[in-house]
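Thank you for making the time this morning. I would like to walk you through one structure, and I will ask you to keep the sequence beside you as we go.

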Amino acid sequence: MPKHIIAAIALASLCGGCVHSSKPTLLSKGASQVEVVESAAAANCAFVAVLSVESGANFRSYETNVDNATNDIRNQAARKGATHLVLGDPERLERLHGKWDGGGSGCNNCVGLTGKAYRCRASTP
């Protein structure tokens, strides 16, 4: 086998985790119904779960990754049957947990986002 093919295969296997999905995270139909609210608006609702997501280590801007993380966490909330979501502030991360971080140079577009999911009655908020 030619050396350049062997080198290409070796490089591809080493860099398999280097590029994360560049596809945007879209809202599911159910997630589009999950309302993002302030904590006071969910005071009389049933707590469902604490959720967290990370996005980044890709070729997107930090702001785009914040949008993707927000969509991802709303998708998670919908899968758990939540109707409302209280989000924390996005956190800039140096690296994604358990994933490639840009070769040790840090990650300039990585974001972490947490939220609390609630199930509210139709008349609440």
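**Disulfides, helix H2 and the cores**

Let me begin with a disulfide that joins Cys107 to Cys110, with a distance from S to S of 1.8 Å. Please bear in mind that what you see is a predicted model. The torsion about the S-S bond of Cys107 and Cys110 is about 80°, so this disulfide is right-handed. As for their surroundings, Cys107 counts as buried at 9% relative accessibility, and Cys110 counts as buried as well, at 0%.

The structure holds two disulfides, and the other one is formed by Cys45 and Cys120, whose sulfur atoms are 1.9 Å apart. Here the torsion about the S-S bond is about 105°, so the disulfide of Cys45 and Cys120 is right-handed too. Which parts of the chain does this pair link? Cys45 sits in the loop between strand S1 (35-36) and strand S2 (46-55), while Cys120 belongs to the segment after strand S5 (110-119), so that the pair, 75 residues apart, links distant parts of the chain. Cys45 is buried, with a relative accessible area of 12%, and Cys120 is buried with a value of 10%.

Stepping back to the whole chain, the protein has two helices and five strands, and along the sequence they follow the pattern α-β-β-α-β-β-β. Of its 125 residues, 34% count as buried, and among contacts with a separation of 6 or more, 81% are between residues 24 or more positions apart. The accessible surface comes to about 7900 Å², with 54% of it belonging to carbon and sulfur atoms.

I would now like to turn to helix H2, which covers residues 62-79. At 1.5 Å a residue, its 18 residues should span 26 Å, and the C-alpha atoms at its ends are indeed 26 Å apart, which agrees. The buried residues of H2 include Tyr62, Val66, Ala69, Ile73 and Ala77, but also Asn65, Asn68, Asn71, Arg74 and Gln76, and the buried residues of this helix pack against S1, S2, strand S3 (84-87), strand S4 (91-93) and S5.

Is Asn75, which also lies in H2, buried or exposed? Asn75 has a relative accessible area of 8%, and because the cut-off for buried is under 20%, it is counted as buried. Setting aside residues up to four places away in sequence, Asn75 touches Thr25, Leu26, Leu27, Ser28 and Ala31. Just after the helix, Gly81 takes a positive phi of about 85°.

That brings me to the cores. In soluble globular proteins, nonpolar side chains tend to be buried together. In this model the largest nonpolar core has 14 residues, of which Leu51, Ile73, Ala77, Leu85 and Ala117 touch the most other members. The elements giving two or more residues to this core are S2, H2 and S5, and H2 gives the most, with five residues. Ala117, leaving aside its neighbours within four places in sequence, is in contact with residues including Phe47, Val48, Leu51, Ala77, His84 and Leu85. Apart from this core lies another, of six residues, among them Ala42, Val86, Cys45 and Cys120, and those two cysteines are the partners in the disulfide I described earlier.

Methods: Residues are numbered from 1 along each chain as its sequence is written. This is a predicted model: local features need pLDDT of at least 70, side-chain atom pairs count only at pLDDT 80 or more; totals for chains, interfaces and linings use all residues. Side-chain values use heavy atoms; hydrogens and water are left out. Helices (H or I, at least four residues) and strands (E, at least two) are DSSP runs, numbered from the N terminus. Buried means under 20% relative accessible area, exposed over 50%, partly exposed in between (1.4 Å probe, protein chains only). Contact means heavy atoms within 4.5 Å. A disulfide is a pair of cysteine sulfur atoms within 2.5 Å. Accessible areas come from the Shrake-Rupley method with a 1.4 Å probe; for residues, only the protein chains shown count as cover. A nonpolar core is a set of buried Ala, Val, Leu, Ile, Met, Phe, Trp, Tyr and Cys residues joined through side-chain atoms within 4.5 Å. The expected span of a helix is 1.5 Å times one less than its number of residues.
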